[in-house]
Every structure is written in structure tokens, then in C-alpha cells.
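Biologist: Before we discuss the charged pairs, could you put the model on display, so that each label can be set against its definition?

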Amino acid sequence: MEPLTSSQEPTELDADTILELLANRRRRYLLYALRGQDDPIELSTLAETVAGWEHDVPPDEVAKNEYKSVYVSSVQCHVPKLDDAGVVEHNEDNHTVVLADNFEQLEPYLRVVVEDEPENSTLYAALEPGSGDGLLGQIRENVARLKH
């Protein structure tokens with residue numbers, strides 16, 4: 001698949017591509033961290049957040065080697081794969097990432113796989129703000145509507 005540029009129209013992602021993108025937990029965590037953000041986020045901040053979720057600690061308590069592992073794999077593998085699919089836009093000059101148009105195609109599937117996250121994890125808590133407007137709150141509302 002060719003990388004999307006801002007001048008290209010969003011493309012329809014096929015099932016294999018969607019499943020491949022969501023098959024990796026670290027890529028899902030990157031998407032969780034970007035969801036709901038309108039402004040680009042520095043890749044270093046994303047890596048710190050993801051490393052915290054992976055090790056179930058606050059981001060400021062992440063060990064340097066754990067952070068580095070997430071950062072390097074994100075730069076070399078995960079962000080380019082998401083960028084090529086048009087799910088994120090990666091600005092290599094200032095090392096920022098923001099969701100792109102094709103994210104909308106992944107979001108319904110992301111809502112399903114998030115249910116596998118441990119309910120007592122820092123990720124789970126981060127995805128459900130007190131207002132209930134978080135990703136998990138929306139999932140619960142959708143499930144409740146389906147049951148009635």
C-alpha cells in the first residue's frame with residue numbers, strides 16, 4: 001500500500017490490513033494514546049505513555065530502557081506502518097504524530113479489542129475519564145443499547 005499524503009483521498013482499508021494494524025498491542029496503545037487528541041503529540045511523549053501502560057506504571061516512573069524500547073520500535077516500525085496506512089500522520093521533522101482520516105475505519109475494531117485490557121490497569125483507567133465520555137464509556141453505552 002502506498003503511503004498517503006495530504007493531497008491523496010483516504011483509501012478503504014481491507015480486512016487484512018485492519019487486522020494486521022491492530023494485531024500488535026503496542027500499535028493499539030499508540031492509537032489509544034492518540035484518540036481524542038486534535039493536536040499532534042510528540043513521539044517521545046507517546047512512547048512514555050505507552051511504556052507506562054505496558055508496565056502498568058505512571059509515565060514518569062517508566063525505566064529508561066523500557067521507554068527506549070517503545071520509542072525505537074515506534075519510530076522504526078509501528079508509526080511508519082500506521083502512517084503508510086493513512087491512520088496517522090507522522091511529521092518526521094518535529095517527531096510528532098496525529099490521527100489521520102483512515103483512523104475512523106479502525107475505531108470500531110479498537111472499541112472491541114480494548115475490552116481485553118485488564119480493568120485494574122493504568123491503561124484502562126486512562127481510557128475511562130470520570131465523565132464516562134471515554135472510549136470504554138462509549139463501548140458500555142453501545143453494548144447497553146444493543147441489549148435493549
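Modeller: Arg 35 and Glu 107 are both buried, a label that stands for under 20% relative accessible area, with exposed meaning over 50% and partly exposed in between (1.4 Å probe, protein chains only). This is a predicted model, in which local features need pLDDT of at least 70 and side-chain atom pairs count only at pLDDT 80 or more, whereas totals for chains, interfaces and linings use all residues. Residues are numbered from 1 along each chain as its sequence is written, and side-chain values use heavy atoms, leaving out hydrogens and water.

Biologist: What makes the contact of Arg 35 with Glu 107 a salt bridge?

Modeller: The closest N and O atoms of Arg 35 and Glu 107 are 2.6 Å apart, and the definition asks for a side-chain nitrogen of Lys or Arg within 4 Å of a carboxyl oxygen of Asp or Glu, so the pair qualifies.

Biologist: Why is Arg 26 called buried, and which residue does Arg 26 meet in a salt bridge?

Modeller: Arg 26 has a relative accessible area of 16%, which is under 20%, and is therefore buried. Its partner in the salt bridge is Glu 54, at 2.7 Å from N to O; Glu 54, at 28%, is partly exposed because that value lies between 20% and 50%.

Biologist: Why does Lys 81 count as partly exposed?

Modeller: Lys 81 has 27% relative accessibility, which lies between the two cut-offs, so the label is partly exposed. Lys 81 forms a salt bridge with Glu 20, and Glu 20, at 42%, is likewise partly exposed.
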